[in-house]
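Visitor: I have a structure open on my screen and would like to learn how to read it. Could you walk me through some features?
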Amino acid sequence: MDKIRPAFEPGGKLHAFRSVYDGMDTFLFTPRETSRSGVHIHDSMDSKRTMIIVIVALLPCLLFGMYNTGYQHWLATGATVFPFWELLGYGFLAILPTLVVAYAVGLGIEFVVAQWRNEEIQEGFLVTGILIPMICPVETPLWMIAVATAFSVIFVKEVFGGTGYNIFNVALVTRAFLFFAYPAQMSGDKVFVSSGSILGLGGNATADALTCATPLGQVATSGATNAAQVQAAITDAAGDPVSLWHMFLGLIPGSFGETSTLCILIGAVILLATGIASWRIILSAFAGAAVMSLIAAWGATPTYPAAYLSVGEQLCLGGFAFAAVFMAPDPVTSCRTNVGKYIYGFLVGVVAIIIRVYNNGYPEGAMLSVLLMNALAPLIDYCVVEANVRRRMKRAKAAE
């Protein structure tokens with residue numbers, strides 16, 4: 001890297017691509033530019049290290065998603081033997097093209113914008129690029145991933161100034177774009193189980209045979225009128241009942257990386273131990289979902305069968321746990337004040353369950369909940385700060 005550096009410096013043959021070189025160099029090595037004088041605070045934690053820690057926290061969900069993708073495929077084909085390495089390899093090959101497309105499109109746009117603006121390449125897409133495949137069904141067409149990623153990076157991130165200036169979570173907007181633009185490919189019972197064989201792995205069943213809705217989708221269309229019927233409606237790809245333990249482990253159909261609450265909690269421990277995520281937001285999000293689940297269960301009616309789900313099922317099913325740990329605490333789009341974080345997180349949980357329970361046409365509510373609270377986060381912080389100002393003014397007047 002040092003040998004080719006002169007070609008990218010001003011006056012060099014490749015100086016137009018200086019930001020590309022700088023991005024690769026600083027990704028691989030410590031930046032050459034250091035403070036020489038004046039007062040500075042030196043910290044080992046920069047944005048690249050922050051992004052890398054988040055990716056490490058996502059790895060348990062990513063690896064389990066690979067296994068579960070293979071497991072659901074084997075289960076749907078009627079298999080009785082589940083070879084671990086074959087299942088893992090099948091899932092890896094199923095998700096690899098989506099990862100490549102998401103990173104190629106997103107990073108490609110960021111490289112072009114950095115060149116155009118003559119700025120350094122930001123690191124924000126390191127995490128976004130892995131989040132996008134993890135929150136989408138495994139059967140999402142690659143061209144849709146490319147279109148949605150390009151839309152989000154350009155109109156949600158770059159037009160606002162790039163990393164650190166976006167109002168909404170970029171990965172969630174990608175998911176929302178796909179959901180509203182191509183609803184048939186983002187819901188139903190034909191998109192959550194990978195179909196066909198990959199490089200000789202998997203069965204030879206036709207795509208139409210490999211169908212299974214997510215548990216929340218099954219509940220929404222079950223017509224159940226009590227808790228027992230709701231429980232009976234939740235089955236796996238083989239038609240067998242699904243226990244709460246299986247829901248917690250994640251051996252159920254769903255978006256690639258969102259099914260395992262256990263792996264999500266492992267990621268949460270990593271984020272909290274390193275100080276990357278706010279425990280106030282995560283804790284209050286789960287508390288808000290639990291409280292709203294109890295309220296919904298107290299007033300449950302046959303019109304809204306999802307209200308009969310227990311608190312544990314509400315927290316384990318769908319993408320709520322993943323959103324509460326990896327999406328809601330995003331430091332760019334969430335609240336900054338401590339009190340605001342409690343309010344923000346609690347409302348994320350409450351709104352997610354409200355949407356999930358009382359909208360039978362959309363059995364999942366985490367995505368819209370976090371996006372709504374992204375929009376309200378500045379207002380929440382403003383109200384908290386103004387309340388603090390008024391409180392201090394009253395104390396000052398009382399002291400006089």
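Visitor: Which helix holds glutamate 313?

Guide: In this predicted model, glutamate 313 sits in helix α13, which covers residues 311-316.

Visitor: Is glutamate 313 buried or exposed?

Guide: The idea is to look at relative accessible area, where buried means under 20%. Glutamate 313 has 4% relative accessibility, so it counts as buried.

Visitor: What does glutamate 313 touch, apart from residues up to four places away in sequence?

Guide: Setting sequence neighbours aside shows what the fold brings together. Here glutamate 313 touches Gln231, Leu244 and Met247. You can also follow the backbone: the C-alpha atoms of glutamate 313 and tryptophan 245 are separated by 9.6 Å, while the two residues are 68 apart along the chain.

Visitor: Where is glutamate 110, and is it buried or exposed?

Guide: Glutamate 110 belongs to helix α4, residues 84-117. Its relative accessible area is 5%, so glutamate 110 is buried. Beyond its neighbours within four places in sequence, glutamate 110 is in contact with Gln122, Phe125, Val153, Lys157 and Glu158.

Visitor: How should I read leucine 96, which is found in helix α4?

Guide: Use the accessibility test again. Leucine 96 has 33% relative accessibility, so it counts as partly exposed. Its C-alpha atom and that of proline 133 are separated by 9.1 Å, with their positions 37 residues apart along the chain.

Visitor: Which residues of helix α2 are buried?

Guide: For a whole helix, go through its residues one by one. An α-helix has 3.6 residues a turn, so residues three or four places apart point the same way. In helix α2, residues 18-28, the buried residues are Ser19, Tyr21, Asp22, Gly23, Asp25 and Thr26. Their cover includes α1 (5-8), α3 and α4.

Visitor: How many residues does the largest nonpolar core have?

Guide: That core has 110 residues, and those with the most contacts inside it are Leu58, Phe320, Phe322, Phe326, Met327 and Tyr344. Helix α3, residues 47-76, gives the largest share of this core, 14 residues. For a view from a single side chain, select phenylalanine 326: without its neighbours within four places in sequence, it is in contact with Ala57, Leu58, Cys61, Ile264, Gly267 and Leu271.

Visitor: Now for the chain as a whole. How many helices and strands are there?

Guide: The chain has 16 helices and zero strands. Its radius of gyration is 23 Å, close to the 21 Å that the globule rule gives for 400 residues, so the chain is as compact as a globular protein of that length. The C-alpha trace spans about 75 × 70 × 35 Å along its principal axes.

Visitor: What share of the contacts links residues 24 or more positions apart?

Guide: Among contacts with a separation of 6 or more, such pairs account for 70%. As for burial, 49% of the 400 residues are buried.

Visitor: And what about the surface and the charges?

Guide: The chain exposes about 18900 Å², with carbon and sulfur atoms supplying 66% of it. Counting charged side chains gives 22 positive and 25 negative, and the centres of the two sets lie 12 Å apart.

Terms used: Residues are numbered from 1 along each chain as its sequence is written. This is a predicted model: local features need pLDDT of at least 70, side-chain atom pairs count only at pLDDT 80 or more; totals for chains, interfaces and linings use all residues. Side-chain values use heavy atoms; hydrogens and water are left out. A nonpolar core is a set of buried Ala, Val, Leu, Ile, Met, Phe, Trp, Tyr and Cys residues joined through side-chain atoms within 4.5 Å. Buried means under 20% relative accessible area, exposed over 50%, partly exposed in between (1.4 Å probe, protein chains only). Helices (H or I, at least four residues) and strands (E, at least two) are DSSP runs, numbered from the N terminus. Contact means heavy atoms within 4.5 Å. The radius of gyration is taken over C-alpha atoms; the globule rule is 2.2 Å times the number of residues to the power 0.38. Accessible areas come from the Shrake-Rupley method with a 1.4 Å probe; for residues, only the protein chains shown count as cover. Lys and Arg count as positive and Asp and Glu as negative; His and the chain ends are not counted. The place of a charge is taken as NZ of Lys, CZ of Arg, CG of Asp or CD of Glu.
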